[in-house]
Every structure is written in C-alpha cells, then in structure tokens.
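User: I'm new to reading protein models and would like a close look at one part. Could you walk me through the salt bridges here and the helix they belong to?

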Amino acid sequence: FVLAYAEAECLRRAGFELWDLGGADRSPMMQYKPQVALEMHRSEFLLRLWEIARTEFAAAQEDKGQDLSLAESLKKPMTDLGAAAPPMGERVPQGVVFEDIEEHDLWGAVEMNQLLAEQNAKGQKADNVEKAKKGQKLDAKAKAQKYQKPTHVKDSAYTPPSRSSGNEKEKDEKADAKQQFLAAYQKFIAEGLPETEAAANAL
C-alpha cells in the first residue's frame, strides 16, 4: 500500500492525470487496488480518458514542436500510433525518486493534513467561542450575587416582632392532637372495630 501511494505521488508530481491499475478480482494479489484507487465502470472510465485526451491534445497544440490534432487523430485507425494521445513518457522520472519515503511523499497526505488542520482550527475556534460565552455567563452570575438590594428602613433600631412563640404553640397543639388521635384509634382497634371505622371515630 505504501509503495502504491508513493508511486501515485511520483506520477502526480510528474503531471500525470490518471493512473490505470487495470481490472481487479477476488484474488489476494488484487486486494490493494480498491484500497488505493477509485473503482470506475467502463463507461465512466472511457469518459474520463476522453476528457484527458482532449486536454493533452490541447496542450500539445500549444507546443510549436508538435503538430497534433484531436479531430485528425480520431479519423485514424486504432492500429495507427497517431490515433492515441501523446504518450508523454519523458515525464516519468528516472533513477531514484524518493531516497527515503516519508509521509509527505505519499499521495494525498499533504491535502489530508491540511484538511485536518482546518478542521482542528474550526473546532478550536468553536471551543473558544463557547468558553467565552460561559465566561460571560459566570461574570453575570457573579455580579448578580454581589449585588444586594438596598434596604429602606428609616429606623435602624426597629426590629419586627418574633413569631417563634406562636409557631411553637401551634406545634405543641398539633402534637397533642396527634397523641389523642393515636390513643383513641388504638382503643377502637382493641375493641374490634375495623381500621377505617376506628380512624373515623378517633377523628
């Protein structure tokens, strides 16, 4: 897989638009092809070749040293070498291409790292915005806690009457009533009355 990606990057740098790996089957020796390339149907592949051929012929026409025409090449039989697109075999590098294969020597690695960097930058920006919003909310909450509503009591010596004594009296009365109810309820239960009737009589 690494050698396939490295060779694809080598051809890309040489100006190649397409690298045909050929067909693939279920053979173990062919399993790398769907992993390192895009699978195309025959019609889609021929259309892609046609577009590339048009581009190559247009580039060749701009070169004064070559006299090639796409229309004329289409009139030639397939056995004629002039019917094919310019081979451009001189683009293929000779000798050692990569002294030591590194990550940037693999096809698509640079673009993938750029995409990851952009995604990380967007994620970091979103995190910073979220942190800023949280910081503003905390500041507003802290200010609200620090704020104290001013009191408008004219006489600072005035103290409202305490209600603790009244509350304690009510609690005592409720406790006495509860004790009386329990005593009456247990008495009626001991006399053999049902629980519902005993509770009603106790009330």
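Analyst: Let's start with Asp105, which is buried, its relative accessible area being 6%. In this predicted model, Asp105 forms a salt bridge with Arg13, and their closest N and O atoms are 3.5 Å apart. This pair joins distant parts of the chain: Arg13 sits in helix 1, while Asp105 belongs to the loop between helix 4 and helix 5 (109-146), 92 residues apart. Unlike the buried Asp105, Arg13 is partly exposed, with a relative accessible area of 45%.

Now follow Arg13 to its other partner. Arg13 also forms a salt bridge with Glu9, where the closest N and O atoms are 2.9 Å apart. Both residues lie in helix 1, 4 residues apart, so about one helical turn separates them. Here is a handy rule to keep in mind: an α-helix has 3.6 residues a turn, so residues three or four places apart point the same way.

Glu9 has a further partner, Arg12. Their side chains meet in a salt bridge of 2.7 Å, N to O. Arg12 and Glu9 are 3 residues apart in helix 1, which again means a separation of about one helical turn. How accessible are the two ends of this bridge? Arg12 counts as partly exposed, at 41% relative accessibility, whereas Glu9 is buried, with a relative accessible area of 4%. The general idea behind such pairs is simple: side chains of opposite charge can pair when their charged atoms come close.

Put these pairs together and you get a network of salt bridges that links Glu9, Arg12, Arg13 and Asp105. If you search the whole structure, you find 3 salt bridges.

Next, step back and look at the helix that holds Glu9, Arg12 and Arg13. Helix 1 has 12 residues and reaches 17 Å from its first C-alpha to its last, close to the 16 Å expected at 1.5 Å a residue. Which residues of helix 1 are buried? They are Ala4, Ala6, Ala8, Glu9, Cys10 and Leu11. Part of what covers these buried residues is helix 2 (33-36). After helix 1 comes Gly15, which has a positive phi, near 100°.

Toward the start of helix 1 (residues 2-13) you will find Leu3. Leu3 is exposed, at a relative accessible area of 65%. Together with Val2 and Ile101, Leu3 forms a nonpolar patch on the surface, and the three share about 280 Å² of accessible area.

Finally, let's place this region in the whole protein. There are 7 helices and 0 strands. Of the 203 residues, 12% are buried; Glu9 and Asp105 are among the buried ones. The accessible surface comes to about 17600 Å², and carbon and sulfur atoms supply 55% of that area. Among contacts with a separation of 6 or more, 50% are between residues 24 or more positions apart.

How sure is the predictor about all this? The protein averages a pLDDT of 77, and 80% of the residues score at least 70. Confidence is highest in helix 1, at 85, and lowest in helix 4 (residues 70-75), at a mean of 71. The helix you asked about is therefore the one with the highest confidence, where pLDDT stands for the predictor's confidence in each residue.

Conventions. Residues numbered from 1 in each chain as written. Heavy atoms only, no water. Patch = residues over 30% accessible without salt bridge, like charges linked within 9 Å, V, L, I, M, F, W, Y side chains within 5 Å. Areas by Shrake-Rupley, 256 points an atom, 1.4 Å probe, with all protein chains shown as cover. Salt bridge = Lys/Arg side-chain N within 4 Å of Asp/Glu carboxyl O. Helix = DSSP H or I, 4+ residues; strand = E, 2+ residues; numbered from the N terminus. Buried < 20%, exposed > 50% of the residue type's maximum accessible area, 1.4 Å probe, protein only. Expected span 1.5 Å × (residues − 1). Contact = heavy atoms within 4.5 Å. pLDDT = per-residue confidence, 0-100.
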